[in-house]
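The paragraphs below lead through a predicted model, beginning at the protein–DNA surface and then turning to the protein chain itself.

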2 protein chains.
Amino acid sequence: MDIQELKRNFEQFLKQRGYKVTKSRLNLVDKIASYGSHFEIEQLVHYVVGSSKDGVSRSTVYRTVKLLQEFGAIREVIKLGNRTIYEFSAGKPHHEHLVCVECGKIIEFYKDEIEELQDKVCQEMDFTPLHHRLEIFGICSECKSSHENRR
Amino acid sequence: MDIQELKRNFEQFLKQRGYKVTKSRLNLVDKIASYGSHFEIEQLVHYVVGSSKDGVSRSTVYRTVKLLQEFGAIREVIKLGNRTIYEFSAGKPHHEHLVCVECGKIIEFYKDEIEELQDKVCQEMDFTPLHHRLEIFGICSECKSSHENRR
DNA sequence: GTTGCTGCAAACAATTTGCAGTGTG
DNA sequence: CACACTGCAAATTGTTTGCAGCAAC
């Protein structure tokens, strides 16, 4: 995925809605793209508010994240207790997540058959799916081996 | 599932941990059981704090819900924006949820094959699953038909 | 210029916590 | 009778909002 293209599309999106294309918004897209695929808002705030140049306020971060969600470049992918982990999903194909409850690592996976089965269930229930989220919480292989070493 | 039995088990659980078996806690189990299977904490608080007899405070509701989660009788099943919907899952077999984004209705379903595929993925990834949550957001059949009527 | 955007601080919502008093084992 | 539990109010955390000044179109 090309960030420049993404930004152009985002500009289009903003204009279509009568919103304005501002430096803060475009800067934030860059920041988020360079941050890594998974983040929590508070982390992002620290990363972005700190940066001397083109820093934006906490409010703007929240507001822009919301816009980017509507635009479709960002999703809430993991909800754990009071934490919300977002994903910069622009251009990424759909997938689900394994979450290690020990080290917090997030592993992505995709299983076609699972998607198909979901569609099947929805058909049976006469339910029109819009989006879904499958989170599997557990222990990743590294954390497992470090357990063994402890013995 | 028999509530009396559940309460006895919960008492056991409390004793094992050196916690105390109090009226508030047992009352709350009754209240939650009679509330219906899905709830948000604030609803529960209103339901429970209001009740003249054996009412408990908001703090106790939070504290007890947490205990019941550890005990395994309650789970966070739906996370939507800032809302958390809990389920009184005691004795219920595992299942997933369809959530109507229009009317808020929650439909439960279970698909063996989906569970199996998840296990398979975890094996491939050498990941030990502890629990998971699959939420499918969409439009239920009633909401769909009311759309049609609007035309 | 008009209107939307930003930063700030205040408001809000959900949840947690400290403490003094009460109940349980 | 020790120590955990409860209620209360205050503290936290995460998020939203009102408003005055600034920027985009």
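In this predicted model, the largest share of the surface near DNA strand D, five residues, is supplied by α4(A), where near means that a heavy atom of the residue lies within 4 Å of the strand. At least two residues each are contributed to that surface by α4 (58-71) of chain A and by α2 (23-35) and α4 (58-71) of chain B; helices here are DSSP runs of H or I with at least four residues, strands are runs of E with at least two, and both are numbered from the N terminus. DNA strand D is surrounded by 20 residues, of which Lys66(A), Arg25(B), Ser57(B), Thr60(B) and Arg63(B) are the closest. Of the atoms of DNA strand D that come within 4 Å of the protein, 68% belong to sugar and phosphate.

Several polar contacts (pairs of N or O atoms within 3.5 Å) can be followed on this strand. Thr60(B) places a polar side-chain atom 2.5 Å from a phosphate oxygen of DNA strand D, and an N or O atom in the side chain of Thr22(B) is 2.9 Å from a phosphate oxygen of that strand. Lys20(B), by contrast, addresses a base, with a polar side-chain atom 3.0 Å from a base oxygen of DNA strand D.

For DNA strand C, the largest share of the nearby surface, five residues, comes from α4(B). Among the 20 residues around DNA strand C, those that come nearest are Lys20(A), Arg25(A), Ser57(A), Thr60(A) and Lys66(B), and sugar and phosphate make up 65% of the strand's atoms that come within 4 Å of the protein. A side-chain N or O atom of Thr22(A) lies 2.9 Å from a phosphate oxygen of DNA strand C, while for Ser24(A) a polar side-chain atom is 3.4 Å from a phosphate oxygen. From chain B, a polar backbone atom of Val21(B) is 3.3 Å from a sugar or linking oxygen of DNA strand C.

Turning to the protein itself, chain A has six helices and six strands, which follow one another from the N terminus as α-α-β-α-α-β-β-β-β-α-β-α. Its C-alpha trace spans about 55 × 50 × 30 Å along the principal axes.

Residues are numbered from 1 along each chain as its sequence is written, and chains are lettered from A and ligands numbered from 1 in the order in which they are written. Local features need pLDDT of at least 70 and side-chain atom pairs count only at pLDDT 80 or more, whereas totals for chains, interfaces and linings use all residues, and side-chain values use heavy atoms, with hydrogens and water left out.

How values were computed. Polar contact = N/O pair within 3.5 Å; in protein donor to acceptor, adjacent residues only side chain to side chain.
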